[in-house]
Structure formats: C-alpha cells, structure tokens
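The following paragraphs offer a guided reading of one protein model. Please keep the sequence and the structure in view while reading.

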Amino acid sequence: MEIREISIFKEFRCQGENCPDTCCKGWIIPLTREDRKRFLSAGGFFRFRFAAAMVGRRFGDFNSSCKYCPFLNIRGLCSIQLKYGHGFIPETCRSYPRSYRNYGVFEERYVDLSCICVAGLFIKNYRDLKLISYESTAEGDLYSTNDDTGYLKDLTDTRSLFIKALYESEPQGYGCLAYVLKAIDDYASEAQDAFIHGHEDHLRTSPFVLSPYSETAFPGCPAKPDLTGSKTGAVFPLPASAVNFLMNTALVSEYLKYGSPYIYGIFRIYTDYPSHRISAARLNKIYEEYTKKYPDYAGYYAAYYVYYLYKFFLNCYEDYSFTKNIRMGLIHLGMVFFLHSIYFDKNGELPLSEFTHIMSAYNRRAYFNYKNLDRMYEVFVADFF
Ligand code: SF4
C-alpha cells in the first residue's frame, strides 16, 4: 500500500529519562482487551501491581487519577518496559506519539505535537512539512467506513491547496495569515452548503482559490492582523469574547496542578485576571505588542495550521463536516496564539523554547478530551457565527 508519511516521522526519538515533560503523566492510559489479558497473565508482584493500577475512578485503564503513571520509576523510565520489554507495554504507549490512518488506498502517518520532542522537530522543520510517499505494509486498521475514493482525492487536493496558500502567506506575516485563514473558513462554509444541496463534486469543480482576497501575492494585505474579531471579521486571532468562553470550559481545571503543572501555570496567568476574564481592549493591546515583538513567529502559526490540516482535515472523509473540521483547527491555533500572547505579556518575552513547550502542552491538554472538544466548538460557533 502507498504510505504517506509526514516528513519528521522518522526523525522522532523518545528522550526517555531526559524528556523535559514526559508523556507518562497527566493522562489516563486506555487499555485494550489484549493489554488487560497480557497484564493479568503476568506472574508475581507485577500481576498484583497491574491489577491495582487498573482500579480507580475509571476501571480497566491505567492512571485514572491522571497524575503520574504508577509504573514510571524514579529515573523517569517505564518499569513495565524495563522488566518485560517494549512489546509488553500498553498499545497506546507503544505507538505514541505516532498515529496511523489507513484509508484503504493509502495510509497516512504522523507524529503528534503533544510530545515535546515532536514539537521541537516541528519548529526545526516548520517551513517544509510535507508527506513523503513510499510503498509498504499498512500499520493501522482501516480508519474510515467510506469507500468513495474520488471524494478522498478531492479532499487531499483541497488540503494541498489550503497548505500551499498557508505557506505562501508566511513571509507576509500575521495579516496575510489572517486573510488566508478567513478564506479557508469561507471556502469550508461554501463547500458545506454545496454538499447539503447535493453538489458533491464541489471540491473538484470549484476548487479553493484565494480570490476575492488576492489575485497574486496578497496585494493589500494589512501589515497587522485584524483584531476586531467581529462576527463577520477575522477568524484569527481569537477575540476576547471567544477566549473567555473557551477558557471557561473543562479545558482549564484545578486538577491540572498535579498532573500537568506546566500548562496549569500557563492557564493561571489567565485565571489570575480579575473575575477570570480578559477585556477586549487589554487583549488587543497584548496581541499588538506580541506580534510587533515577534513578527517572524507568524510562520510558526501558519505551519501549526498546516500540521493540523495534515492530521485532521481528512476527518471530512468520514463526517463531511467541512466547517467543523476547519474551525476546530482555528480554535486550537487561536488558543495557542492566545496562550503565547499572555505568557509574553507576563514575562516580557517568549523564547522559542517556551513557545514550543506551550504549544505542545496545550495540544496534550486540548486534543484528547473529546467531550470538551465538542463543548469548545459549541461556544466558539455561538460566539463567532
Ligand atoms: S513526551 Fe515524547 S520524548 Fe517525552 S517521554 Fe513521551 S514520547 Fe518520549
């Protein structure tokens, strides 16, 4: 089968005991039926430890307290792996941060930005994130129930057009990025409408182009992002109203101080504001100062959305939800930008190491809480559209 692998996939190396933010904490570790069978068939004291680790708020998984995995030893290594080898650890831990999406005719392979090491690779290679194609055996189970391969090709072509536009916006800065994102969002709405009315060839017959925003290289792009955030305005960055709603979902929790102290510390910058809110005037000022100080960071945000599209836009193959899949990425991009901005406001700078860490820690916190993702989408749409 054709494999399409993100260009940083093979560069990933787990940093193990040297990892500055190990993935062995802050998460419930789901166990498969095979994992449970394997663990309960182990002998001696480990069998007892396995059984005890599966008991908790969520029976049958490891680390239901969401703090440190009980098998992480004092050197920061996995004691199951040390005793039984890599093949014995839970399936989730074995593959993390890799993911395999087998669409029947090709398989896409990614590494996840929630791993701090992957986030570092992303920053190093942000200008040239692409899929590398080769033939091999698929690793993943079939990811979709759809078998309309013509539609799948339309989706991958559309994704390529979005990505090309995002990369072309990068040298022009935040203003152009905001324009391109708005154009992508508008196109998603248009495609959604077309599909609802039965025009299932829309992506092919009316492909994404940047007009009416630009004929060539974005003439007239503003040097600064549009900060109005009005219901008809820019979709990036997020206005204060959207941020205040999103930060009041289950994304932010006091429990994080035990399992994910780093992101907890970042969220605290926000929760320390009077009444746990930020005003539009204050946030716009922060955005303005942050973008002025770091104009080159616009390229990282363009690449962040590129990476999101690579990983998630093909969800449309299953659910046909163009607007939802595009907007979930806008939420994540806007939230990462917001957290960077408030960190900068508090500390007067945002070194690239903190930029990377915040992005990775946010991804770890936000992307895997499926119930809250729905809630975030609801509040975002209610505020914006
Ligand atoms: S976060 Fe990444 S580098 Fe760190 S322990 Fe986990 S897989 Fe390894």
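By class, the residues that line the second largest cavity of this predicted model comprise eight nonpolar, one polar and no charged residues. They are T158, F162, Y187, A188, A191, L203, F313, F322 and I326. The elements that each give two or more residues to this lining are α6 (149–169), α7 (174–196) and α15 (322–347). Of these, α7 supplies the largest share, with three residues. The space enclosed in the second largest cavity is about 30 Å³.

Rolling a probe the size of a water molecule over the atoms shows where empty space is left. In this structure there are two cavities of 30 Å³ or more, and the largest of them holds about 70 Å³. Its lining is made up of D112, L113, Y304, Y307, Y308, K311, F312, N363 and Y367. Sorted by class, the lining of the largest cavity has six nonpolar residues, one polar residue and two charged residues.

Which helix gives the most to the lining of the largest cavity? That helix is α13, residues 298–312, which contributes five residues. Helix α13 has 15 residues and spans 21 Å from its first C-alpha to its last, close to the 21 Å expected at 1.5 Å a residue. Because 15 of the 15 residues of α13 are buried, this helix is largely enclosed by the rest of the structure.

Helix α16 (residues 352–366) also has 15 residues, and the distance from its first C-alpha to its last is 21 Å, close to the 21 Å expected at 1.5 Å a residue. Is α16 mostly covered or mostly uncovered? It is mostly covered, with twelve of its 15 residues buried. The buried residues of α16 are E354, F355, T356, H357, I358, M359, S360, A361, Y362, N363, R364 and A366. They pack against α5 (116–124), α11 (261–271), α12 (280–293), α13, α15 and α17 (370–384). One of these buried residues, N363, is also among the residues that line the largest cavity.

Attention may now turn to strand β3 (residues 106–111), where R109 is found. R109 has a relative accessibility of 7% and therefore counts as buried, the cut-off being under 20%. Leaving aside neighbours within four places in sequence, R109 is in contact with I3, R4, E5, I6, F9, S99, Y100, Y134, T137, A138 and E139.

E108 lies in strand β3 as well. Its relative accessibility is 1%, so E108 counts as buried. With neighbours within four places in sequence again left aside, the contacts of E108 are R4, S99, Y100, R101, Y103, L131, R159, Y310 and L314. E108 and G140 are 32 residues apart in sequence, and their C-alpha atoms are 9.3 Å apart in space.

The aromatic rings provide a further view of the structure. A search of the whole structure finds 52 aromatic pairs. In one of them, F9 and Y100, the ring centres are 6.1 Å apart and the planes meet at 70°, so the pair is edge-to-face. F9 lies in the loop between β1 (2–6) and α1 (33–40), whereas Y100 lies in strand β2 (residues 98–102), so the pair ties together parts that are 91 residues apart in sequence. F9 counts as buried because its relative accessibility is 10%. Y100, at 23% relative accessibility, counts as partly exposed. Both F9 and Y100 appear among the contacts of R109.

Another aromatic pair, formed by F46 and F71, is stacked, at 6.5 Å centre to centre and with 20° between the planes. This pair links distant parts of the chain: F46 belongs to helix α2 (residues 44–53) and F71 to the loop between α2 and α3 (79–84), 25 residues apart. F46 and F71 are both buried.

Finally, ring pairs also join residues into a cluster, which consists of Y126, Y174, F236, Y287, Y290, Y294, Y297, Y300, Y301, F337, F344 and F355. Among its members, F355 is one of the buried residues of helix α16.

Methods: Residues are numbered from 1 along each chain as its sequence is written. This is a predicted model: local features need pLDDT of at least 70, side-chain atom pairs count only at pLDDT 80 or more; totals for chains, interfaces and linings use all residues. Side-chain values use heavy atoms; hydrogens and water are left out. On a 1 Å grid over the protein atoms alone, a cavity is a set of points where a 1.4 Å probe fits but cannot get out, and a pocket is an open set with protein on both sides within 12 Å along at least five of seven lines; lining residues have an atom within 4 Å of a point. Grid points are joined across faces, edges and corners, and a volume is the space filled by probe spheres set on the points. Helices (H or I, at least four residues) and strands (E, at least two) are DSSP runs, numbered from the N terminus. Ala, Val, Leu, Ile, Met, Phe, Trp, Tyr, Cys and Pro count as nonpolar, Asp, Glu, Lys and Arg as charged, and the others, Gly among them, as polar. Buried means under 20% relative accessible area, exposed over 50%, partly exposed in between (1.4 Å probe, protein chains only). Contact means heavy atoms within 4.5 Å. The expected span of a helix is 1.5 Å times one less than its number of residues. Rings of Phe, Tyr and Trp (its six-membered ring) pair if their centres lie within 6.5 Å; planes under 30 degrees apart count as stacked, over 60 as edge-to-face and the rest as tilted.
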